[in-house]
Structures are given as structure tokens and as C-alpha cells.
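Open the model in your viewer and keep the selection tool at hand. We will start at one side chain and work outwards from there.

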Amino acid sequence: MKRKIFITAALLCCFAVAFAYFDGITGKWSGVLTAPDGNEYPLNYTLKADNNTLTGTGQSPQGTVDLTEGKVKGDSLSFAIDVNGVKVLNSGKYFSTGDSISLNIDYQGMKMHSTLKRFVEK
């Protein structure tokens, strides 16, 4: 009897981990980008991974824009976003253990970095 309970508990844990892994980067993410001049800009993304395709939106006080050129391969991701007519390239890595995304941003040759955390509504 104890063995059945242990096996059932182990299987439930495996399913929970599998669902968390497959959910991956799909969801709402937020962070702050500190520009070289010291100004801080909020980053808010809604991401959806479907096979190797990444879609979603970026939100700011100026409005919402769609992600373009989105790709996902394993724990790596990349996408572009239009900021006032300028194509901003983003690439990064998803860390399931910390539920975070390390994001490298290329804005007109300026290289910046930010860490996104999953947005949890309260």
C-alpha cells in the first residue's frame, strides 16, 4: 500500500514538472531596462511559444506593439519589436528554475541587458 502511494505521488510530481516545463515562457513577463544614460524603462511582454515560434506583444505607456521574427529553440528565444520606427532586436534565455528570462537588447547598436520575471497578478 505504501508503495502505491509513493508511486502515485512520484507520478504526480513528474506531471507537474512536465507541465511547468512545457508552459515555459508562455505568459506575462515584466522587468526594467536601465539605459546607458541611467534612465529606467519598464518592460512588459506577453509571450506565447508554439513549437519553435514565439508570438506576443510588448506593452508600454505609449501603447502595445506586436513581436516580430519570434523564435524559440529549447531554452533560447529571440524576437524583434518596433520602438518608434526602430527595429529593436531581443535575444535571451529562459531559466525554468528561477522562472526568469535573461534578455539581451540591441537598440541601434547599443547593447543592453535586462532580466524579466513572470508577472503574477495579485
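Select S114 first: its side chain reaches the backbone oxygen of V32 at 2.9 Å. That counts as a polar contact, meaning a pair of N or O atoms within 3.5 Å; within protein, one must be able to donate a hydrogen and the other to accept it, and residues adjacent in sequence count only if both atoms are side-chain atoms.

Before moving on, a word on what you are looking at. This is a predicted model, in which local features need pLDDT of at least 70 and side-chain atom pairs count only at pLDDT 80 or more, while totals for chains, interfaces and linings use all residues. Residues are numbered from 1 along each chain as its sequence is written, and side-chain values use heavy atoms, with hydrogens and water left out.

**Around S114**

Is S114 buried or exposed? S114 counts as buried because its relative accessibility is 2%; buried means under 20% relative accessible area, exposed over 50%, and partly exposed in between (1.4 Å probe, protein chains only). The residue lies in strand β9. Now show its contacts (heavy atoms within 4.5 Å). Leaving aside neighbours within four places in sequence, S114 is in contact with G31, V32, L33, L43, I101, S102, L103 and I105.

**The strands beside it**

Colour by secondary structure next; helices (H or I, at least four residues) and strands (E, at least two) are DSSP runs, numbered from the N terminus. The chain has one helix and nine strands, and the order from the N terminus is α-β-β-β-β-β-β-β-β-β.

Select β8 (residues 100-107) together with β9: they pair in the antiparallel sense over eight bridges. Two strands are said to pair if DSSP finds at least two bridges between them. Y107 stands opposite M110 in β9. The two strands form a hairpin with two residues between them, and Q108 in the turn has a positive phi of about 50 degrees.

Add β1 (residues 27-34), which pairs with β9 (residues 110-118) in the antiparallel sense over two bridges. Here W29 stands opposite R118.

**Into the core**

Which residues touch the most other members of the largest nonpolar core? Select Y45, L54 and I101, out of the 20 residues in that core. β1, β2 (40-50), β6 (76-83), β7 (86-95), β8 and β9 each supply at least two of its residues. A nonpolar core here is a set of buried Ala, Val, Leu, Ile, Met, Phe, Trp, Tyr and Cys residues joined through side-chain atoms within 4.5 Å.

Stay on I101: not counting residues up to four places away in sequence, it touches I25, W29, L47, L77, K93, Y94, S114, T115 and L116.

**Over to D99**

Now select D99, in the loop between β7 and β8. D99 is partly exposed because its relative accessible area is 26%. Its side chain makes polar contacts with the side chains of R118 (2.9 Å) and Y94 (3.5 Å). Measure C-alpha to C-alpha from D99 to I25 and you should find 8.5 Å, for a pair 74 residues apart in sequence.

**Last stop: confidence**

Finally, colour by pLDDT, the predictor's confidence in each residue, from 0 to 100. The mean for the chain is 85, and 80% of its residues reach 70 or more. Select residues 8-22, where pLDDT stays under 50 and the model has zero contacts beyond four places in sequence. Where pLDDT is low, the predicted coordinates should not be read in detail.
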